[in-house]
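Here's a quick tour of how some helices pack together and where a few side chains end up. Have a look at the structure first, then work through the points below.

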Amino acid sequence: TKNNKYALANLANILYDVKDYEEAVKWYRKSADLGLDYAQNRMGLSYEYGRGVPKDDAEAAKWFRLAAEQGDIVAHYQLGECYWLGKKQDKNRAFDHYFAAAKGGCSLAQETIEKICLHSKGINNERLNKALKWLKVIAEQGNTEMQYKLGVIYSLGNIKDFTHAHE
């Protein structure tokens, strides 16, 4: 189990569940260093919330980035949060990570993309149009909730396209 990144992460999960955060972080780090995106994401969360390690937003972002680079959709969402809410805000980079997570099926990211489209402050038009096209595809697949939300986005958001709001 010394080099089994999955076993190491499972041990860390057990320790985390019993609130032995310092010991959990030790095992998450070993798994993360072996390249497990899940463990890298958990390291990010540990630094974000200061569980088992001192709270450190830059270190959290570093771990989220490593996991996101491997396609971890939750890490993309978390990295989006870092860029949206953090000290070094970059709304467009945040959007890119939210969008990657949303396309991967992360429901929190999907809701965030909807909210961004509704308010669209600080996001360039190219990104906004990309998101709207993606949301429209979901709506066209028969998703009635998305059809409703797109109507709200078009009628109440900064995107004024009343020709589509009634559809």
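Let's start with a cysteine: C82 is buried, with a relative accessible area of 19%, and the cut-off for buried is under 20%. Keep in mind that this is a predicted model. From C82 we'll move to the other cysteine sulfur nearby in the story, then to two helix pairs and a few buried residues.

**Cysteines**

- If you go hunting for disulfides through the whole structure, you'll find zero.
- C82 isn't part of one, and its nearest cysteine sulfur, the one in C106, sits 14 Å away.
- Why doesn't that count as a disulfide? Because the two sulfur atoms would have to be within 2.5 Å.
- Seen from the other end, C106 is in no disulfide either, with the sulfur of C82 as its nearest cysteine sulfur at 14 Å.
- C106 is buried too, and its relative accessible area is 10%.

**Helices α4 and α5**

- C82 also shows up where two helices meet: A61, F64, R65, A67 and A68 in α4 touch A75, H76, Q78, L79, C82 and Y83 in α5.
- Sort the residues of that contact by type and you get eight nonpolar, two polar and one charged.
- Helix α4 covers residues 57-69 and helix α5 covers residues 73-85; their axes are 8 Å apart and the packing angle is about 140 degrees.
- That angle makes α4 and α5 oblique to each other, since only angles over 145 degrees count as roughly antiparallel.
- As for handedness, α4 passes α5 in a left-handed crossing.

**Helices α7 and α8**

- Further along the chain, helix α7 (residues 107-119) and helix α8 (residues 125-140) cross at roughly 120 degrees, and their axes come within 10 Å.
- So α7 and α8 are oblique to each other, because the roughly perpendicular range stops at 115 degrees.
- The crossing of α7 past α8 is left-handed.
- On the α7 side, the contact uses Q110, I113, E114, I116 and C117, while α8 brings in L128, A131, L132, W134 and L135.
- By type, the residues of this contact split into eight nonpolar, one polar and one charged.

**Y98 and H97 in helix α6**

- Y98 belongs to helix α6, which runs over residues 91-103.
- Is Y98 buried or exposed? At 1% relative accessibility, Y98 counts as buried.
- Setting aside residues up to four places away in sequence, Y98 touches H76, Y77, G80, E81, W84, A109, T112, I113 and I116.
- H76 is a nice one to find on screen: Y98 and H76 are 22 residues apart along the chain, yet their C-alpha atoms are separated by 6.3 Å.
- H97 lies in helix α6 as well, and H97 is buried with a relative accessible area of 16%.
- With residues up to four places away left out again, H97 touches H76, Y77, L79, G80 and Y83.

**S46 in helix α3**

- S46 sits in helix α3, made of residues 37-49.
- With a relative accessible area of 2%, S46 is buried.
- Which residues does S46 contact, leaving aside its neighbours within four places in sequence? They are V25, R51 and V53.

Terms used:
Residues are numbered from 1 along each chain as its sequence is written. This is a predicted model: local features need pLDDT of at least 70, side-chain atom pairs count only at pLDDT 80 or more; totals for chains, interfaces and linings use all residues. Side-chain values use heavy atoms; hydrogens and water are left out. Axes are lines fitted to C-alpha atoms, for helices over the stretch in contact, and angles run from 0 to 180 degrees between N-to-C directions. Helices (H or I, at least four residues) and strands (E, at least two) are DSSP runs, numbered from the N terminus. Angles under 35 degrees count as roughly parallel, over 145 as roughly antiparallel, 65 to 115 as roughly perpendicular and the rest as oblique. A crossing is left-handed if the near helix is turned anticlockwise from the far one by less than a right angle, and right-handed if clockwise. Contact means heavy atoms within 4.5 Å. Ala, Val, Leu, Ile, Met, Phe, Trp, Tyr, Cys and Pro count as nonpolar, Asp, Glu, Lys and Arg as charged, and the others, Gly among them, as polar. Buried means under 20% relative accessible area, exposed over 50%, partly exposed in between (1.4 Å probe, protein chains only).
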